[in-house]
Amino acid sequence: MKKTGAELVRHALEQLGIRHTFGIPGVHNTEIYDQLASSSVVTPIRVNHEGCGAFMADAVSRTNDFNGALLIVPAAGTALAMAGIGEAFLDGIPLLVISGCTRTDTGYSYQLHELDQLELVKPFTKGAWRITEHKQIVPTFYEAWRLANAGEPGPVFIEIPVNVQLFPGEVDELPTFVRPAPPQPMLDEGTRATVKQAAQLLKQARKPGLFLGWGGVHGTALTQELAELLQAPVSTTLQGLSAFPAQHPLHAGMSMGPAAVPAAENAFADCDVLLAIGTRFGEIATGSYGIKPTWDLIHVDINPAVFNANYEARLCIEGDAAAVVRGLIDELKSLPGDAAQTQARGQAVRQQIARDKQAYIAEWQRHDSQGRVNPQRFFQALRSKLPDDAYLVTDDGNHTFLVAELFETRGSRHLVTPTDFNCMGYCVPAAVGIKLTHPDQQVVGIVGDGAFLMTGLELLTATEHKLGVVCYVFNDGELSQISQAQKLPFNRKACTVLPEVRFKGIADAVGAHYLRMAGDSDIAAVIEQAQTLSAQGQPVIVDVMIDYSKQTRFTKGILRTNLMRMDLGNKLRMIGRAAWRRVATPQ
């Protein structure tokens with residue numbers, strides 16, 4: 001039979017269960033867009049910037065059991081989408097990227113958008129393919145989907161020449177996609193032996209602890225069972241905040257060293273056996289590597305490359321997190337132990353965590369915000385008004401760590417935050433993508449003013465599709481995470497102070513409602529009003545006059561860690577320069 005390449009792309013996407021594609025039509029992909037316009041399965045979503053489309057697709061993958069997909073023009077479109085592709089690659093998020101490609105049937109060179117894209121995307125993808133004939137299309141899409149979702153997930157890239165899209169070509173069949181059964185990973189004999197050793201270490205531990213990353217988000221129920229069996233405190237990475245419910249009495253917070261909140265720092269202060277699941281011990285997770293091990297490390301991850309990269313492990317277990325945790329639970333239940341002693345230890349841990357959390361909340365409530373919005377009071381009110389199944393999305397900035405320290409995340413994959421690539425501008429498009437696929441659930445974005453300026457106009461897409469997302473813009477007129485970091489070593493702010501922005505004008509331009517939250521007395525009423533307006537299917541921008549004068553524990557911790565890491569000469573140089581500027585230019 002003969003089919004155009006565009007028809008074959010449509011068939012493959014429908015078979016894969018792709019719900020939406022995100023991108024902008026251009027001369028190199030219009031035939032595919034035309035085909036999808038007739039699809040009852042796949043809806044193409046036009047965005048205003050390919051980078052925003054990539055963030056939308058990334059967020060779709062993070063919060064659903066189907067993948068997000070990009071449909072972009074080559075060269076310029078691919079280059080603009082690279083921020084989102086890189087975010088997905090470093091965070092382990094499956095993403096299907098489909099690009100047009102210059103014609104291969106003319107004999108001409110230097111065509112519009114001609115670029116070796118496979119070389120461009122190679123460092124950012126798990127695999128990349130260039131289609132040369134029609135019969136390759138459907139099998140390549142199926143292979144790319146499998147690779148994107150295998151092992152540690154990630155983005156894949158397929159480019160299709162214009163002539164292949166436009167003109168019919170011979171294909172033998174239109175194969176259906178046989179979706180793999182939900183994985184039921186089995187542990188091999190060697191892994192089971194290591195799991196047995198790990199269970200014995202945990203059982204014998206005086207003070208065991210659990211550290212969870214994004215790799216543990218699909219096994220939340222199992223990790224809760226394991227934590228309760230061990231009566232051990234639980235900490236998470238930033239990306240893994242939704243891997244364990246924050247309302248659980250064993251949840252201590254993010255990280256565990258000097259950049260962690262007191263509950264987490266104290267709960268893990270003398271941990272002797274640490275079980276780490278689905279984490280790479282990256283820079284943010286460890287507070288700039290400020291964690292000083294007191295423990296024997298049992299490291300579980302699906303990617304063996306992470307083992308011993310930053311912290312030496314006593315036991316490394318390569319495998320699916322859920323399967324390994326299930327194996328640990330079975331082994332622990334079979335081992336003898338003093339149940340009363342374990343319960344007593346757990347009771348002490350729970351009480352200490354509760355005391356430390358309450359004390360930290362009280363510390364924030366005592367802070368004088370000078371008439372602006374106190375972050376703790378804001379997040380406490382927001383949490384009380386959001387249902388447990390609401391989605392909260394952050395961007396990159398100071399607000400990210402306020403969320404980590406002050407907002408209680410209750411549902412697996414219901415807090416979405418970019419982590420290792422840490423690209424500003426993620427929040428708004430990601431919130432739009434999540435709302436598109438979860439129209440009946442509340443979707444809230446927390447975004448700094450600097451990050452909002454990058455991609456805030458993408459709320460126009462929300463208006464077009466009647467998506468009632470609420471974006472709380474933390475407005476302090478600075479790039480605060482960096483300006484705070486400049487204070488100690490530089491004692492001045494360089495390129496981190498923003499000009500005045502009239503966010504109401506942006507709201508008017510994109511068709512969003514505008515609300516202003518000037519101080520603590522506005523918090524409850526404005527949140528309630530925002531929820532009411534968003535329920536009508538229109539986005540809402542809330543201009544929050546946030547108080548950033550009190551630093552997060554994370555900011556203070558990483559500054560201290562990095563300063564103490566310097567040799568004495570450079571440490572004195574940095575401190576001396578800041579002191580001299582303080583004398584020469586008093587604040």
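Both Tyr 142 and Phe 177 are buried, and these two residues are a good place to start exploring this predicted model.

A pair of aromatic rings is described by the distance of the centres and the angle of the planes. The whole structure holds 17 aromatic pairs. In the pair of Tyr 142 and Phe 177, the ring centres are 5.0 Å apart and the planes meet at 55°, so this pair is tilted. Where do the two partners sit along the chain? Tyr 142 belongs to helix H6 (residues 137–149), while Phe 177 is found in the loop between strand E8 (168–170) and helix H8 (189–204). The two are 35 residues apart, and their pair links distant parts of the chain.

Now look at Phe 452 and Phe 503, which form an edge-to-face pair. Phe 452 is in helix H16 (residues 449–455) and Phe 503 is in helix H19 (residues 503–510), so their pairing ties together parts that are 51 residues apart in sequence. Phe 452 and Phe 503 are both buried.

Here are the two pairs again:

| Pair | Centre to centre | Angle between planes | Type |
|---|---|---|---|
| Tyr 142 and Phe 177 | 5.0 Å | 55° | tilted |
| Phe 452 and Phe 503 | 5.6 Å | 70° | edge-to-face |

Aromatic residues can also be found in a group: Phe 378, Phe 379, Phe 407, Tyr 472, Phe 474 and Tyr 548 make up one aromatic cluster.

Finally, which residue lies over the face of Phe 66? That is Arg 19, at 4.1 Å from the ring centre. Likewise, Lys 550 lies over the face of Trp 364, at 5.1 Å from the centre of that ring.

Terms used: Residues numbered from 1 in each chain as written. Predicted model: local features only at pLDDT ≥ 70, side-chain atom pairs only at ≥ 80, totals over all residues. Heavy atoms only, no water. Phe/Tyr/Trp six-rings, centres within 6.5 Å; stacked < 30°, edge-to-face > 60°. Helix = DSSP H or I, 4+ residues; strand = E, 2+ residues; numbered from the N terminus. Buried < 20%, exposed > 50% of the residue type's maximum accessible area, 1.4 Å probe, protein only. Lys NZ or Arg CZ within 6 Å of the ring centre and 35° of its normal.
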